[in-house]
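These are my notebook entries on a single structure. I set down what I looked up, one topic at a time.

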Amino acid sequence: METMSATHPLETPVPTRAAGQRDVLSLALPPMPLLQVAFVGVGARGQMAVTRWCHIPNVQIVAVCDVSRQAAEEAAQHVEQLGKPRPTAYWGENAYRQLCQQQGLNLVYVCTDWLSHVPIALHAMRCGKCVAVEVPAALTLDHIWQLVDTAERTQQHCMMLENAVYDHFEMAVREMAREGLFGEVVHVEGGYAHPIGHRWTPWRMEYNRLTCGDVYPTHSIGPACQLLGIHRTDHLHYLTAMHTAPILGKEVYKEVMGKACDSFANGDQTSTMIRTMKGKTILIQHNVMTPRPYSRMFQVVGTRGYATKYPIHDVLLHNNSAAKAGIELNDDNTPLSTPQLEKLLSRYAPPFSRETINLAKQLDSRGGMSYFMDLRLAQGLQQGLPLDMDVYDLAEWCCIAELSKLSIEHGSMPVMIPDFTRRNVLR
């Protein structure tokens with residue numbers, strides 16, 4: 001194992017698991033054949049989620065909730081207009097508490113602003129409900145540990161709604177990696193880069209003004225962690241982060257907020273490098289200020305192949321790997337041709353029917369990945385299976401925000417990444 005003799009990495013406390021509390025690795029609950037779902041937060045993102053869930057078989061939307069009475073009642077009416085029974089509407093700052101008392105409710109789906117995710121999720125689990133939380137589910141290590149402990153104590157699912165892992169290309173590449181087409185994957189990259197523009201909200205802008213680090217890391221790191229089997233066959237070890245000066249931060253803040261600010265904490269570009277216990281590396285980037293096309297910067301580097309999604313889909317395979325996939329190559333070091341790539345992606349496509357894929361694309365302009373995410377979540381609960389993502393995935397992907405901030409504030413020093421499963425992995 002690599003040693004770090006130059007400087008001792010920074011560490012954060014790992015709370016002791018309470019007596020009688022057990023982990024939720026591979027948690028499977030009794031099947032919920034008719035899944036009863038409630039939505040908390042039915043603004044733009046929540047409304048889209050409600051629409052998607054109206055198209056999932058054997059689901060009943062039993063409640064919707066928002067701080068705004070108008071939004072809650074419009075969401076209830078929307079469900080009815082889609083041919084489903086009208087759900088109960090709740091409204092007000094703390095109305096989610098009343099919603100969580102509703103009999104028969106299985107899953108609370110949280111689409112509120114980042115700052116309110118944790119109290120809603122904690123209350124839902126304490127009421128015996130499974131919970132699914134929009135990204136980022138939590139912003140601080142303290143809140144992350146609260147979610148982990150509450151999921152373990154209540155033995156309820158707590159899943160973060162990270163749709164990037166359900167992108168068609170990323171799912172196909174993940175399956176290729178499992179089949180060994182890339183040899184051993186040694187490095188993965190991801191990112192979140194595009195100017196937010198008109199989608200800035202005051203609370204999000206204020207959060208960026210006050211906070212350095214990668215404040216939105218889950219789209220970047222989620223696919224990488226799934227490829228590398230994090231907390232399954234490998235573990236995150238430590239990270240180091242660096243950012244640029246906030247050249248555009250103050251300017252964008254003034255445009256959005258209508259007032260000047262003296263200081264802006266979040267750099268225009270933040271880069272975080274992570275090393276795993278098995279010596280693999282992950283590079284993730286965050287940039288929502290500079291003009292550039294949307295990119296999640298997805299790249300996979302293996303000993304026998306390479307894949308990238310942006311700016312175009314590209315795959316390069318060693319001759320042996322190509323032959324295993326039924327593709328004949330003339331040159332061992334050239335990207336696949338368009339017909340070869342289409343053949344490869346078809347062979348390793350995610351196991352959804354053509355009908356499901358077409359429906360997903362109708363309901364989600366980003367290729368259907370949010371519908372695939374919701375469908376897999378529903379099926380896992382309905383069939384009593386472990387979910388694709390657990391509370392430890394949530395913890396590992398969200399902790400990058402505070403840990404990258406800690407690294408930057410200490411001159412890009414290495415920072416240890418906690419083992420949220422608390423299995424005392426040798427470090």
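**Entry 1. Aromatic pairs**

I looked up the aromatic ring pairs in this predicted model and obtained a count of 13. I then took up W53 and Y109, whose ring centres lie 5.7 Å apart with the planes at 75°. I record this pair as edge-to-face, because planes over 60 degrees apart fall in that class. W53 belongs to helix α1 and Y109 to strand β4 (residues 107-110). The two residues are 56 apart, and I note that the pair links distant parts of the chain. I checked both W53 and Y109 for accessibility and found them buried.

My next pair was W114 and Y216, with ring centres 5.5 Å apart and planes at 15°. This pair counts as stacked, because the cut-off for that class is under 30 degrees. I located W114 in the loop between β4 and α4, and Y216 in the loop between α7 and α8. The pair therefore ties together parts that are 102 residues apart in sequence. W114 is buried at a relative accessible area of 7%, and Y216 is buried as well, at 4%.

I also asked which residues the ring pairs link into a cluster with W114. The cluster consists of W114, Y192, W203, Y207, Y216, Y294 and Y310.

**Entry 2. A charge over rings**

I looked up R204 and found that it lies over the face of Y216, at 4.8 Å from the ring centre. R204 also lies over the face of W200, where the distance to the ring centre is 5.9 Å.

**Entry 3. Helix α8**

How many residues of α8 are buried? I found that 11 of the 11 are, so the helix is largely enclosed by the rest of the structure. Among these buried residues are T218, H219, C225, Q226 and L228. Just after α8, I noted that G229 takes a positive phi of about 65°.

**Entry 4. The largest pocket**

I turned to the pockets and recorded a volume of about 1200 Å³ for the largest pocket. Its lining has 45 residues, and those closest to the centre are A44, R45, C111, T112 and W203. Two or more lining residues come from each of α1 (44-53), β2 (59-66), α4 (117-126), α7 (202-210) and α13 (369-383). I asked which element gives the largest share of this lining. The answer is α1, with four residues. Sorted by class, the lining of the largest pocket holds 19 nonpolar, 13 polar and 13 charged residues.

**Entry 5. The second largest pocket**

For the second largest pocket I noted about 490 Å³ of space. It is lined by 20 residues, of which R174, E175, R178, Q226 and D388 are the closest to its centre. The elements that give two or more residues to this lining are α6 (168-178) and α8 (218-228). The most comes from α6, with five residues. Q226 thus appears twice in my notes, as one of the residues closest to the centre of this pocket and as one of the buried residues of α8. By class, I recorded 12 nonpolar, two polar and six charged residues in the lining of the second largest pocket.

**Entry 6. Backbone details**

I searched the backbone for cis peptide bonds. One runs from V135 to P136, with omega near -20°, and I placed P136 in the loop between β5 (130-133) and α5 (141-154). Another joins Y310 and P311, with omega of about 0°. P311 is in the loop between β12 (305-308) and β13 (314-317), while Y310 is one of the residues in the aromatic cluster of my opening entry.

I then looked up positive phi values in residues other than glycine. S412 has phi near 65° and sits in the loop between α14 and β14 (415-416). R422 has phi near 55° and lies in the segment after β14. R422 counts as buried, because its relative accessible area of 11% is under the 20% cut-off.

**Entry 7. S407**

Is S407 buried or exposed? I found it buried, with a relative accessible area of 0%. S407 is part of helix α14 (residues 391-409). Leaving aside residues up to four places away in sequence, S407 touches L239, T240, A241, S412, M413 and V415. Among these contacts I recognised S412, whose positive phi I had noted in the entry above.

Key
Residues are numbered from 1 along each chain as its sequence is written. This is a predicted model: local features need pLDDT of at least 70, side-chain atom pairs count only at pLDDT 80 or more; totals for chains, interfaces and linings use all residues. Side-chain values use heavy atoms; hydrogens and water are left out. On a 1 Å grid over the protein atoms alone, a cavity is a set of points where a 1.4 Å probe fits but cannot get out, and a pocket is an open set with protein on both sides within 12 Å along at least five of seven lines; lining residues have an atom within 4 Å of a point. Grid points are joined across faces, edges and corners, and a volume is the space filled by probe spheres set on the points. Ala, Val, Leu, Ile, Met, Phe, Trp, Tyr, Cys and Pro count as nonpolar, Asp, Glu, Lys and Arg as charged, and the others, Gly among them, as polar. Buried means under 20% relative accessible area, exposed over 50%, partly exposed in between (1.4 Å probe, protein chains only). Contact means heavy atoms within 4.5 Å. Rings of Phe, Tyr and Trp (its six-membered ring) pair if their centres lie within 6.5 Å; planes under 30 degrees apart count as stacked, over 60 as edge-to-face and the rest as tilted. A charge sits over a ring if NZ of Lys or CZ of Arg is within 6 Å of the ring centre and within 35 degrees of the ring normal.
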